[in-house]
Amino acid sequence: MVELRFDEAKCEQCEGVNCLVRCKHLNLDVDTAREEMRKIINGQHSFVLDRCVTCYACEEYCPFGNHPFYLIVERQEQEGMLLAPRAITNQWINLCEPVGRYSVGKIQERALSLCYIPAFTDLVGGKLFEDVAASFFIGPEFFCNVVYLHFARASVIRERLPKVVENIAALGMKEVIFLHDECYGSFKSLAPAYGIPVPFKVTHYFEYLYDRLKQLSGQLKPLNMKVAYQRPCSSRLIPETDHYVDDIFSLLGVERVNRTYDRQNALCCSAIVRLNMGPEGRDMANDNQSKNIEDMLQAGVEHCVFNCPYCYMALSEKVAAKGVKPIHMIELCRLALGEEPAKGVMGYGRYQ
Ligand code: SF4
Ligand code: SF4
């Protein structure tokens with residue numbers, strides 16, 4: 001039986017109730033946070049369940065590796081909450097149902113997971129991926145299902161994720177390089193939190209890029225750019241990967257500017273807030289996005305570097321309209337190698 005492993009005893013000892021006190025959307029003092037956390041643990045209704053915008057940040061804020069956000073999602077579902085209209089929730093569940101719409105390349109010891117995101121197929125060319133591009137898989141059979149955290153549907157994850165792990169393992173590779181931050185978060189945070197064993201090596205594409213860039217270091221031309229980095233919500237599940245952003249930028253001659261809404265104070269792209277919370281969510285999303293872009297402008301950046309394709313979809317046109325060029329991390333690396341930009345929706349060529 002797959003179920004969330006949440007250690008209530010840790011919360012009893014937690015002086016600061018870091019998760020809820022540090023939440024940027026709740027503004028709670030320690031006493032209120034403690035009271036609401038107790039209610040959530042005991043299965044009583046808490047206003048936190050209504051006001052959570054599913055930004056995932058409290059997963060990063062908990063210093064004990066407990067899983068406050070996963071618990072919130074479990075409770076939201078137990079209360080039958082709909083965070084989006086039922087039709088949209090069901091559409092998402094049906095869209096990613098594993099019914100045979102997948103594609104698998106020539107699998108080697110290492111393989112690339114393209115999640116269920118066709119835009120990745122445009123990005124995995126050139127020198128960076130020449131040894132591994134043919135060894136890939138893509139499709140709902142391999143889709144990590146983390147998105148259902150945004151829809152109060154932990155049950156879909158509990159049901160589908162063990163089978164996804166089986167499907168990937170059956171391909172026979174030893175190591176999977178995940179191009180979607182959310183997939184890596186799924187196998188490194190969500191699966192252990194639910195006691196689901198993962199029998200292959202799980203590698204974030206940042207780590208792969210960093211190692212590959214070091215191999216190609218003689219061909220790199222410093223970009224001498226000031227950039228803003230857009231942290232995705234999923235990176236809150238795996239904050240240990242954030243240092244690779246700095247490491248890669250250092251190899252590329254890129255400065256990650258100091259700005260208000262980065263690192264632990266990052267603002268998510270707010271795409272899901274808009275989708276899930278009606279007119280109130282739309283206003284909140286617009287406000288978050290405006291603050292974030294204004295922050296980039298004040299820091300004087302030329303580019304906004306994206307990790308997650310959904311952040312790119314939510315913000316690329318908006319930052320471009322303000323004169324900041326959107327670029328995916330892989331395209332940034334290709335640029336430093338002097339390669340032609342990729343075609344497709346995340347190809348840098350669109351903004352040159
Ligand atoms: S989930 Fe973590 S941060 Fe939140 S109260 Fe429990 S131990 Fe503290
Ligand atoms: S997921 Fe975000 S909005 Fe929800 S409680 Fe955690 S920090 Fe707050």
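Which residues touch the most other members of the largest nonpolar core? They are Leu20, Cys115, Cys304 and Cys333, in a core of 112 residues. The model is a predicted one.

Start with Leu20. Leaving aside residues up to four places away in sequence, Leu20 touches Leu26, Leu28, Ala33, Glu36, Met37, Val48 and Cys58. Two of these contacts lead on to the ligands. Met37 is among the residues that surround ligand 1. Cys58 is among the residues that come nearest to ligand 2.

Take ligand 1 next. Around ligand 1 stand Lys10, Cys11, Cys14, Val17, Asn18, Cys19, Met37, Cys62, Phe64, Asn66 and Pro68. Helices contribute here: α1 (8-13) and α2 (18-21) each give at least two residues to this shell. By class, the shell around ligand 1 holds eight nonpolar, two polar and one charged residues.

Ligand 2 has 13 residues around it, and Cys23, Cys52, Cys55, Ala57 and Cys58 come nearest. Two elements, α5 (57-61) and α6 (68-78), give two or more residues to the shell around ligand 2. That shell has 11 nonpolar residues and two polar ones, with no charged residues.

Now turn to the sheets. Strands of a sheet pair through backbone hydrogen bonds, in either the parallel or the antiparallel sense. Both senses of pairing can be followed here.

One sheet is open and has five strands, in the order β1-β3-β2-β4-β5, with mixed pairing. Its edge strands are β1 (103-104) and β5 (201-204), and each pairs on one side only. At the β1 edge, two bridges join β1 to β3 (residues 136-138), and the two strands run antiparallel. Find Val104: its opposite number in β3 is Phe137. A helix also lies on this sheet. Helix α10 (residues 181-193) lies across β2 (110-113), β4 (175-178) and β5. The helix runs at about 140 degrees to β5.

Another open sheet has four strands, in the order β7-β6-β8-β9, and its pairing is parallel. The edges are β7 (254-256) and β9, each pairing on one side only. Neighbouring strands are turned against each other by 40 degrees on average, direction ignored. At the β7 edge, β6 (residues 225-230) and β7 pair in the parallel sense over three bridges. Met225 has Val254 in β7 as its bridge partner. Helix α16 packs on this sheet and touches β8 and β9. The direction of α16 makes about 95 degrees with that of β9.

How many of the eight residues of α16 are buried? Seven are, in a helix that spans residues 329-336. The buried residues are Met329, Ile330, Glu331, Leu332, Cys333, Arg334 and Ala336. Cys333 also belongs to the group that touches the most other members of the core. The buried side of the story includes helices as well as strands. Buried residues of α16 pack against α8 (119-123), α11 (205-215) and α12 (243-252), and also against β8 (303-306) and β9 (325-328). After α16 comes Gly338, with a positive phi near 75 degrees.

Finish on α11, the helix that holds Lys214. Is Lys214 buried or exposed? Lys214 has 11 C-beta neighbours inside 10 Å, so it counts as exposed; the cut-off for exposed is 12 or fewer. Look across to Ile248, 34 residues away along the chain. The C-alpha atoms of Lys214 and Ile248 are separated by 9.3 Å.

How values were computed
Residues are numbered from 1 along each chain as its sequence is written. Chains are lettered from A and ligands numbered from 1 in the order in which they are written. This is a predicted model: local features need pLDDT of at least 70, side-chain atom pairs count only at pLDDT 80 or more; totals for chains, interfaces and linings use all residues. A nonpolar core is a set of buried Ala, Val, Leu, Ile, Met, Phe, Trp, Tyr and Cys residues joined through C-beta atoms within 7 Å. A residue is buried if 20 or more other C-beta atoms lie within 10 Å of its own, exposed if 12 or fewer, and partly exposed in between; C-beta atoms are placed from the backbone. Two residues are in contact if their C-beta atoms, placed from the backbone, lie within 7 Å. A residue is near a molecule or strand if its C-beta atom, placed from the backbone, lies within 6 Å of it. Ala, Val, Leu, Ile, Met, Phe, Trp, Tyr, Cys and Pro count as nonpolar, Asp, Glu, Lys and Arg as charged, and the others, Gly among them, as polar. Two strands pair if DSSP finds at least two bridges between them. Axes are lines fitted to C-alpha atoms, for helices over the stretch in contact, and angles run from 0 to 180 degrees between N-to-C directions.
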